[in-house]
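Let's take a walk through this structure together, one contact at a time. Have the viewer open and follow along as the text moves from place to place.

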Amino acid sequence: MLTIHNLHAQIDENKILNGISLTVKPGEVHAIMGPNGSGKSTLAKVISGDSHYEVTDGEVTLEGKNILDMDPETRALSGIFLAFQYPVEIPGVNNAEFLRMAYNAKQKFQGKPEADPMQFDAILQSKLELVEMSPDFADRAVNFGFSGGEKKRNEILQMAVLNPKIAILDETDSGLDIDALRIVAEGVNQLRSPDNAIILITHYQRLLNFIQPDFVHVLANGQIVKSGDKSLALELEARGYDWLVSPVNG
Amino acid sequence: MMITMNTNLPSDVISGYDHNRQFPAWLGKVRQEAIQHFHKLTLPTKKDEKWKYVDFPSTLVEWPVVEDQAVFNETVISLVAEKIGEIQSESYLVFVNGEYVPQLSRFSPENSRPLSLEIPETFLDMLHSIENEDIFESINTIRFTDGVLVNVDQEQTADLDVIWVTVPSAKEISFHPRNCFKLDKNAALNIRIHSISTGENSYFMNAVSLVEVGNGAKLNLSFFANESDAAIHFSKFFITCAENAVVKVANFNAAVGLSRTEIDVDFLGPNAVAEILGLNYLVRSQTVHQVASVNHVVGECHCEQVVKSILDNESCTDYYSTVNVAVGAQLTVSNQLNQTLMLSDNAESYSRPQLNIDADDVKCGHGATVGQLEPGELFYLKSRGLSEAQGQLLLLKGFSQDVINRVEDPISRSLWTQFLADRLKF
Ligand SMILES: Nc1ncnc2c1ncn2[C@@H]1O[C@H](COP(=O)(O)OP(=O)(O)O)[C@@H](O)[C@H]1O
Ligand SMILES: [Mg+2]
């Protein structure tokens, strides 16, 4: 479904991703772990089309199509979704209006009918319930004045509305208390299907107690240094990352 | 380029007062006085802060008033019909090239009428109450031939659209509307003034509006300009607020060549509230000056100014606002906020809020920001599947939103959002 091959990316001549290869098949959940600064968020943003990063080598395909040539909106419409580690606050922009526009853009892209405000409201209400968010959030400005946890839930809400093929969750668990974590995980689990896949970027294995990954990968210095199954996450929790990460100048 | 003072103003500047229509004798006297006064005035110079950056052609004061210009053709009829459909107005006065057109208008004569039809007694004092402080006010007094008179009686409400249409004429012409809006005790008025043109014609609109908001009365006034790039539009509002009055004045500029709107608000009774709002979205070599003068003559009144501009290409805005708090006007709250979003490196913006405070127990503030569209915000929206145009529309709406939220009249609110959507066409 999503194939990443030998991906290299940099920002201002500063090499961040140094040859990442990863294959994600429908129905799978992949966890990506790794120390701070190892390039996890960069990988997520490069996949979603953040033009700050320059891809110098490698390819990324979604269902056989090269996405690196697509603009960010086409990637999104094609089924890629990133729940940002730091969602931006957009003062004045109404959450529900934004979501309806995004939903309709996708419907249109897929040749399906667009939803009018009434129809969309019904869709939105059901998704709000899924992530246990109060309906008030629909009428607030996007992420504006939201707490850290509320922002993360808002990302999951967007994911639920857009129903992507590949969802990349970048540390959606950090900053969440255990209840919020459970809600987010339930939201994600409800969206799991044999047709879509999830990439979970996380620091902690606790999220993986709620969302069972099929594969766990460790990213260090912009490369995948180890892959395994769920037991790798437990091992990392016990031993840290040092045993996997070779000192940069060592 | 600013013009230098011309002591020999041409005689046809003042000949415009010799109108075809019959006006009451007292008005002739008022005009004669204004002519006397006119000769003592000079054109504003760069030294006059209120006019500092206003760059008008030196011949402007000579542009003639041409009567019987009310062109009434298919283009005008369909443009007006479209506008009325858009605003779903039930009550409207339509003027074409400065003249009232009864065939296109529909209004309730109990509270509103065109000035050219008849001037009721109630407006006499008001009509000539201005001091002709600058040369353009004085020219308006000398030359006005039409305008809108509204009087909302005690406890009554009214809702009205005024549409000024200009159609191309062979030469540069001028119009000098004089309006009076009078709200009696606890009255309420929603009034929307639209200024539109059918072509890229040059004209000079020089309007003066006198507004009296009585005890507990409520005024929502919005002004919406979508005019020719060659249009010069000066507009002055003198607004007095009695005790407990609530006033919202919103000035929207979608297109115009050179515009200068001056809003003077005088607080004459306590507990009055006024908001002066502005939204500009300019995409060509257009300039909008918003001048405000807020006079807290008495205390315990509250004024908020929020003026926002979106500037593309070589457009320019200038905000000059003076808040005066008189001796003893305690517990005054008066704020000025001016924010500009630059979509181009060639756009220009001036922001000049002033405070003159002679009381000690007051809360007055001002803020000005100039920024650009945040690439991070736009990327966030695109990462959800929105196109560049859709993302921009949302961000521009977002930028406008705190002004829009303050506009109470739902029709003027939707006019701005519809205009944004049309301009960003997607
Ligand atoms: N916009 C940026 N400008 C400069 N350096 C960046 C930028 N984004 C990321 N980096 C650098 O790239 C490296 C990887 O960052 P990131 O992908 O955020 O790591 P992680 O998410 O694994 O903590 C870090 O050294 C970080 O400083
Ligand atoms: Mg990160």
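A good way in is through charge pairs: a search of the whole structure, which is a predicted model, finds 28 salt bridges over all chains. One of them joins the side chains of B:E133 and B:K50, with 3.7 Å from N to O. Why is this pair worth a look? B:E133 sits in the loop between α4 (124–127) and α5 (135–143) of chain B, while B:K50 sits in the loop between α2 (25–38) and α3 of chain B, so the salt bridge ties together parts that are 83 residues apart in sequence. As background, side chains of opposite charge can pair when their charged atoms come close.

Before going further, let's ask how far the model can be trusted. The model scores ipTM 0.95 and pTM 0.88. For chain B, the mean pLDDT is 90, and 94% of the residues of chain B reach 70 or more. Two stretches of chain B call for care. Residues 1–10 of chain B have pLDDT below 50, and this stretch has 22 contacts in the model beyond near neighbours in sequence. Residues 12–18 of chain B also have pLDDT below 50, with 16 contacts in the model beyond near neighbours in sequence. Where pLDDT is low, the predicted coordinates should not be read in detail.

Now zoom out to the domains. The domain assignment divides chain B into domain 1 (11–269) and domain 2 (373–426). Their centres, taken over C-alpha atoms, are 31 Å apart. In the contact, domain 1 of chain B takes part with 16 residues and domain 2 of chain B with 11 residues. Together the two domains of chain B bury about 1200 Å² between them, and carbon and sulfur atoms give 63% of that area. On the domain 1 side, look for B:F224, B:K248 and B:F252, which supply 37% of the area that domain 1 of chain B buries against domain 2 of chain B, more than any other three residues.

Which polar links join these two domains of chain B? Between them there are three salt bridges and four residue pairs in polar contact, both residues being at pLDDT 80 or more. B:K248 turns up again here, as its side chain meets that of B:E408 in a salt bridge of 3.7 Å, N to O. On domain 1 of chain B, the side that touches domain 2 draws at least two residues from each of α3 (74–87), β8 (188–197), β10 (218–226) and β12 (246–255) of chain B. The largest share, six residues, comes from β12(B). By class, this side of domain 1 of chain B has six nonpolar, five polar and five charged residues.

The last stop is the interface between the chains. Here, 20 residues of chain B are in contact with 29 residues of chain A. The two chains, B and A, bury about 1900 Å² between them, 70% of it on carbon and sulfur atoms. Within chain B, the residues that lose the most area to chain A are B:F379, B:Y380 and B:R384, together 40% of what that side buries.

This interface has polar links as well. Between chain B and chain A there are two salt bridges, and B:K397 and A:E97 meet through their side chains in a salt bridge of 2.3 Å, N to O. The interface of chain B and chain A also has seven residue pairs in polar contact, both residues at pLDDT 80 or more. Which elements of chain B give two or more residues to the side that touches chain A? They are α6 (375–382) and α7 (388–404) of chain B, and α7(B) gives the largest share, eight residues. By class, the side of chain B that touches chain A has eight nonpolar, seven polar and five charged residues.

Technical notes
Residues are numbered from 1 along each chain as its sequence is written. Chains are lettered from A and ligands numbered from 1 in the order in which they are written. Side-chain values use heavy atoms; hydrogens and water are left out. Domain bounds come from an automatic or database domain assignment. Contact means heavy atoms within 4.5 Å. Buried area is the accessible area (1.4 Å probe) that two parts lose on being put together, summed over both. A salt bridge is a side-chain nitrogen of Lys or Arg within 4 Å of a carboxyl oxygen of Asp or Glu. A polar contact is a pair of N or O atoms within 3.5 Å; within protein, one must be able to donate a hydrogen and the other to accept it, and residues adjacent in sequence count only if both atoms are side-chain atoms. Helices (H or I, at least four residues) and strands (E, at least two) are DSSP runs, numbered from the N terminus. Ala, Val, Leu, Ile, Met, Phe, Trp, Tyr, Cys and Pro count as nonpolar, Asp, Glu, Lys and Arg as charged, and the others, Gly among them, as polar. pLDDT is the predictor's confidence in each residue, from 0 to 100.
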